[in-house]
Amino acid sequence: QKDLDEAALVLFTSPSSVDAVGALFDLHSKLKIGSMGSFTRDHLVKRGLSDVLILPEGDFQRVGEILC
């Protein structure tokens, strides 16, 4: 959990990755959380996380845009 809490960003690629990580770690509002697209973001919102960032055009090379 400590490594997750210290991460600059936790980026999810799919609803199943949200479920897998959520089964092992506490996903809370203090984490900076991003998603590859709106489908994954909607899944995160259903789990109670409201400030989810979306990676522009699902492009990993643009991750800096959601870190700032």
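User: What makes S16, A23 and L24 of α2 count as exposed?

Analyst: Exposed means over 50% relative accessible area, buried under 20%, and partly exposed in between, with a 1.4 Å probe and protein chains only. In this predicted model, S16, A23 and L24 fall in the exposed class, on the other side of α2 from its buried residues. Helices such as α2 are DSSP runs of H or I with at least four residues, strands are runs of E with at least two, and both are numbered from the N terminus. As the model is predicted, local features need pLDDT of at least 70 and side-chain atom pairs count only at pLDDT 80 or more, while totals for chains, interfaces and linings use all residues. Residues are numbered from 1 along each chain as its sequence is written, and side-chain values use heavy atoms, leaving out hydrogens and water.

User: Which residues of α2 are buried, and why are they said to lie on the same side of the helix?

Analyst: The buried residues in α2 are P15, S17 and V18. They cover an arc of only 155 degrees around the axis, and therefore lie on the same side of α2. The arc is that of the directions from the helix axis to the C-beta atoms. These buried residues pack against β1 and α3.

User: What makes the link between H28 and D5 a polar contact?

Analyst: A polar contact is a pair of N or O atoms within 3.5 Å; within protein, one must be able to donate a hydrogen and the other to accept it, and residues adjacent in sequence count only if both atoms are side-chain atoms. The side chains of H28 and D5 are joined at 2.9 Å, so the pair qualifies. H28 is placed in the loop between α2 (15-24) and β2 (33-35). Leaving aside neighbours within four places in sequence, H28 is in contact (heavy atoms within 4.5 Å) with Q1, D5, I33 and L49.

User: How do you know that β1 and β2 pair?

Analyst: Two strands pair if DSSP finds at least two bridges between them. β1 and β2 have three bridges, so they pair, in the parallel sense. In one of these, L11 has G34 in β2 as its bridge partner.

User: Why is the set that includes L4 and V10 called a nonpolar core?

Analyst: A nonpolar core is a set of buried Ala, Val, Leu, Ile, Met, Phe, Trp, Tyr and Cys residues joined through side-chain atoms within 4.5 Å. The largest such core has 10 residues, namely L4, V10, F12, V18, L27, L31, I33, L44, L49 and V52.
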